[in-house]
Amino acid sequence: MSLPPPGRTAGPIGRPLLPAAPGSPRAGAPGERVDGPPAPRHSPGAVGLVLARPARLLGVEPFFMEFIAGIEERLAEHDLSVLLHVVPHHEAEIAAYRRWAARGLVDAVALVNPTVGDRRPEVLTELGLPAVVVGNPGDGTDLPAVRTDETGPVRDALARLLELGHRRIARVGGPADLLHTVARTRALREGCREAGIEPVVVEGDYSDEAGARLTARLLSAPEPPTAIMYDNDVMAVAGLEAAGAAGVAVPDRLSLLAWDDSPMCRLASPPLTTMSVDVHRFGSLVADTLLELVAGRPATPRESPAARWVRRGSTGPAPAD
């Protein structure tokens, strides 16, 4: 399905990209907008995005809605839209790519959530579907990417918690096979080792159920953490509720830190400290790379805005005892 952003209408299928204005740049420095030549007349007028995740999560996780809005806003300027498909696993995702390629349904693809041993880049290359990797690609692929810094923000978050005196630190991560989960876990373990402590890392799936269940498990340990980092906002909000149900005061006894910064973080009580990501901007940068691919031009290297620490009411000094 096509998801135009609020107030915008995606262009009709089959219309070409609008030509660049005279004198406009054909390819810019990293992060610049793209104003390229028109797509071929046979263009289907869409780019593809497959999300291999439970459909129920799409309705509760703000990240992808904001990300898609960022892509659509840029593509709509060129009468292109997003063809979105939600599937349960990567094999179904690959099957969707094969159908799209056989039927000529999309001009290019945005590949999200690269994993360890990912087969998808190889399949897309074999099918001849232009594609951009959203995040840091694994070894062995030449696909262009809009890269992200996973190490720096984790180290920044850890440093802030250490400054507040926390020594028992846990993290509720995303699926362990995701490359950005691997990178964040490595950065946290390395930073904690340098600080002379050992973190507790548990695997979640970005759902509120996982956030609540894993937080309750961590808090029931003989030496529970005084700070918990979460890999998304949904798990963090659920973790806040679980702490309240367990009678653990936030932030007096427990500090919480979310990744991303959706309205649910700001509306929580207390509001959640976050590693804030400009998700809309991330989507627009991916769209700029897609526009280059659709136009048949080399992709400009781009990097998404780094996550930054935004302190709110869910973090405080480590408890004295």
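## Thr148, a buried residue

A residue is called buried when its relative accessible area is under 20%. In this predicted model, Thr148 counts as buried because its relative accessibility is 14%. To find Thr148, look at the loop that runs between strand 5 (145-147) and helix 5 (151-163).

What does the side chain of Thr148 make a polar contact with? The partner is the side chain of Glu150, at 2.8 Å. Leaving aside residues up to four places away in sequence, Thr148 also touches Gly135, Asn136, Phe282 and Ser304.

## The largest pocket

Thr148 and Glu150 appear again here: together with Asn113, His180 and Arg184, they lie nearest the centre of the largest pocket. This pocket holds about 550 Å³ of space, and 34 residues line it.

Which helix gives the most to this lining? That is helix 6, with six residues. Helix 2 (62-76) and helix 6 (179-195) each supply at least two lining residues. Sorted by class, the lining has 17 nonpolar, eight polar and nine charged residues.

## The second largest pocket

Next comes the second largest pocket, with a volume of about 300 Å³. Its lining is made of 19 residues, and those closest to the centre are Ala52, Arg53, Asn113, Pro175 and Leu178. You may recognise Asn113, which is also among the residues nearest the centre of the largest pocket.

Strand 1 (46-52) and helix 3 (90-103) are the elements that give two or more residues to this second lining, and strand 1 gives the most, with three. By class, the lining divides into ten nonpolar, four polar and five charged residues.

Key
Residues numbered from 1 in each chain as written. Predicted model: local features only at pLDDT ≥ 70, side-chain atom pairs only at ≥ 80, totals over all residues. Heavy atoms only, no water. Helix = DSSP H or I, 4+ residues; strand = E, 2+ residues; numbered from the N terminus. Buried < 20%, exposed > 50% of the residue type's maximum accessible area, 1.4 Å probe, protein only. Polar contact = N/O pair within 3.5 Å; in protein donor to acceptor, adjacent residues only side chain to side chain. Contact = heavy atoms within 4.5 Å. 1 Å grid on protein atoms, 1.4 Å probe; cavity = no way out; pocket = protein on both sides within 12 Å on 5 of 7 lines; lining within 4 Å. Points joined across faces, edges and corners; volume = space filled by probe spheres on them. Nonpolar A, V, L, I, M, F, W, Y, C, P; charged D, E, K, R; others polar.
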